[in-house]
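Got your viewer open? Here is a short tour, one selection at a time.

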Amino acid sequence: MASECQELEKCAVFRHFRPYAQLAYMEMYCQGRYQHCQRYQLYQQNQPVPEDLLPHGGRLQDEVTLTSTR
C-alpha cells in the first residue's frame with residue numbers, strides 16, 4: 001500500500017491554505033492515512049470533488065466563518 005495519496009499533486013484545496021496549514025493537513029490526511037480523507041474517497045468513487053471540501057468533510061467557507069466569529 002502506498003504511504004502517500006496519489007491525488008496529492010492535483011488536490012485543489014491546498015491552494016487556499018498557508019504553508020503551515022498545508023503541512024498540517026498533509027501530515028494528517030495525505031501521508032499514511034489518506035483513506036480517511038473525504039476528498040480521496042470521492043476521487044475513488046469517480047465522484048466530483050468540490051474545491052472547497054476539506055479532508056475531514058467540512059467546507060472551507062464553514063472553517064473561515066468559524067474562525068472569524070471567535
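**Stop one: the cysteines**

Start by selecting C37, which counts as buried at 9% relative accessibility. Keep in mind as you go that this is a predicted model. Now color the cysteine sulfurs. How many disulfides does a search of the whole structure find? Zero. C37 is in no disulfide, and the nearest cysteine sulfur to its own, that of C11, sits 6.2 Å away. Next, click on C30, another buried residue, at 7% relative accessibility. Why no bond here? Its closest cysteine sulfur is again in C11, 6.0 Å off, and that is too far for a bond, because a disulfide needs the two sulfurs within 2.5 Å.

**Stop two: the nonpolar core**

From C30, move to F14, since the two are in contact. Leaving aside neighbours within four places in sequence, F14 also touches L8, Q22, Y25 and M26. F14 is a good way into the largest nonpolar core, which has 16 residues. Select V13, F14, F17, Y25 and L54 together: these have the most contacts inside that core. Then highlight helix α1, residues 19-30, which supplies the largest share of the core, five residues. In soluble globular proteins, nonpolar side chains tend to be buried together.

**Stop three: a buried arginine**

Go to R39, in helix α2 (residues 38-44). Is R39 buried or exposed? R39 is buried, yet has no salt bridge. Show D52 as well: it is the nearest side chain of opposite charge, and it is 6.5 Å away. So the pair misses the 4 Å limit for a salt bridge. To see what does surround R39, display its contacts beyond four places in sequence: C11, A12, V13, V49, P50, E51, L53, L54 and P55. Two of the core residues you just selected, V13 and L54, turn up in that list.

**Stop four: a glutamate before α1**

Select E7, in the segment before α1. E7 counts as buried, at 11% relative accessibility. Its side chain makes a polar contact with the side chain of K10, at 3.1 Å. Farther along the sequence, E7 is in contact with Y40, Y43 and Q44.

**Last stop: an odd backbone angle**

Finish at N46, in the loop between α2 and α3 (60-68). After those buried residues, N46 counts as exposed, at 71% relative accessibility. Check its backbone: phi is positive, about 55 degrees, although N46 is not a glycine. Most residues other than glycine have a negative phi.

How values were computed: Residues are numbered from 1 along each chain as its sequence is written. This is a predicted model: local features need pLDDT of at least 70, side-chain atom pairs count only at pLDDT 80 or more; totals for chains, interfaces and linings use all residues. Side-chain values use heavy atoms; hydrogens and water are left out. Helices (H or I, at least four residues) and strands (E, at least two) are DSSP runs, numbered from the N terminus. Buried means under 20% relative accessible area, exposed over 50%, partly exposed in between (1.4 Å probe, protein chains only). Lys and Arg count as positive and Asp and Glu as negative; His and the chain ends are not counted. Contact means heavy atoms within 4.5 Å. A nonpolar core is a set of buried Ala, Val, Leu, Ile, Met, Phe, Trp, Tyr and Cys residues joined through side-chain atoms within 4.5 Å. A polar contact is a pair of N or O atoms within 3.5 Å; within protein, one must be able to donate a hydrogen and the other to accept it, and residues adjacent in sequence count only if both atoms are side-chain atoms.
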